[in-house]
Amino acid sequence: MNTLIITGGQIDLPFAKQQVENGSWDCVISADSGLNFCREAGIWPDVILGDFDSADPDVLQYFREQCPERIRTFPAQKDETDTELAILHAIRAGADRITLLGATGSRLDHVLGNLQLLLPAMEAGAACLILDEHNRIRMTRDMLTLRKAEQFGRYVSLIPFTPRVDGLTLTGFVYETEDFTLTAGNARGVSNEIRDDEARIEMKSGILLVIESRD
């Protein structure tokens, strides 16, 4: 099941609308102030959830009147963020692919928190992407092949999510390596580029954040 989650960070309206319209979504979930974008873009989420402390009250009232059965309200004092609630809902519903829009922006605490949420999605077997107009971010602990014709941007950065990633082998990149140990605390994996038609990331242990970026 291919699930789109729209949450309350920074959203570029034309880019996000294009992603919504071009995707084949089985389920669309709005988390808290992601609802503001849904109203502006004319999107009707299948599930609307959150504590709604940052959603526009008029927008929330509109959806309460139009589709109250789709709304799930949570208390403001809770352990999970609204984005985390959305991911957990998607996993329980059987999502095997999740895309997050609105998961980046000026609130770096939220950005870092949302990067953490890629882990439970991966552990549940769901391929999860954080997407904005400049970045496509995913997490992997397995081999990953990137095709040049499908790349999101010019740059590919590999950031260790675990303290170390052992046996890292990169082929098809401008900067290649074999059986390398990438450790936290340096920027060794930043700003690589795909050289061949396909580039491959392999590792023996550890978890990587793979960030495809464009200026």
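User: Let's start at the C-terminal end of this predicted model. Which strand does S213 lie in?

Analyst: The model is predicted, so keep that in mind throughout. The strand in question covers residues 208–213, and S213 belongs to that run. That makes the answer strand β14.

User: Is S213 buried or exposed?

Analyst: The cut-off for buried is under 20% relative accessible area. S213 has a relative accessible area of 17%. That value falls under the cut-off, so S213 is buried.

User: Which residues does S213 touch, leaving out those up to four places away in sequence?

Analyst: With the sequence neighbours set aside, S213 has contacts in two stretches of numbering. One includes H134 and N135, and the other includes G153. The full list is H134, N135, G153, R154 and Y155.

User: Moving on to R136, is that one buried or exposed?

Analyst: R136 is found in strand β7, which runs over residues 135–140. Its relative accessibility is 18%, and buried means under 20%. So R136 counts as buried.

User: Which residues does R136 touch, again skipping those up to four places away?

Analyst: Among the contacts of R136 are V210, I211 and E212, and strand β14 spans residues 208–213. So R136 of strand β7 has partners within the numbering of β14. The whole set is L129, I130, L131, E150, Q151, F152, V210, I211 and E212.

User: What distance separates the C-alpha atoms of R136 and F173?

Analyst: Along the chain, R136 and F173 are 37 residues apart. In space, their C-alpha atoms are separated by 18 Å.

User: Zooming out, what is the radius of gyration of the protein chain?

Analyst: The chain comes to six helices and 14 strands. For 215 residues the globule rule gives 17 Å, and the chain's value is close to that, so it is as compact as a globular protein of that length. The radius of gyration is 18 Å.

User: What share of the contacts with a separation of 6 or more comes from residues 24 or more positions apart?

Analyst: Take the contacts in the protein chain with a separation of 6 or more as the pool. Within that pool, residues 24 or more positions apart account for 63%.

User: Last one: what is the volume of the largest cavity?

Analyst: Searching the whole structure turns up one cavity of 30 Å³ or more. The lining of the largest cavity includes Q10, F15, L101 and E133, and its residues divide into four nonpolar, two polar and three charged. The volume of that cavity is about 40 Å³.

Note on methods: Residues numbered from 1 in each chain as written. Predicted model: local features only at pLDDT ≥ 70, side-chain atom pairs only at ≥ 80, totals over all residues. Heavy atoms only, no water. 1 Å grid on protein atoms, 1.4 Å probe; cavity = no way out; pocket = protein on both sides within 12 Å on 5 of 7 lines; lining within 4 Å. Points joined across faces, edges and corners; volume = space filled by probe spheres on them. Nonpolar A, V, L, I, M, F, W, Y, C, P; charged D, E, K, R; others polar. Helix = DSSP H or I, 4+ residues; strand = E, 2+ residues; numbered from the N terminus. Rg over C-alpha atoms; globule rule 2.2 N^0.38 Å. Contact = heavy atoms within 4.5 Å. Buried < 20%, exposed > 50% of the residue type's maximum accessible area, 1.4 Å probe, protein only.
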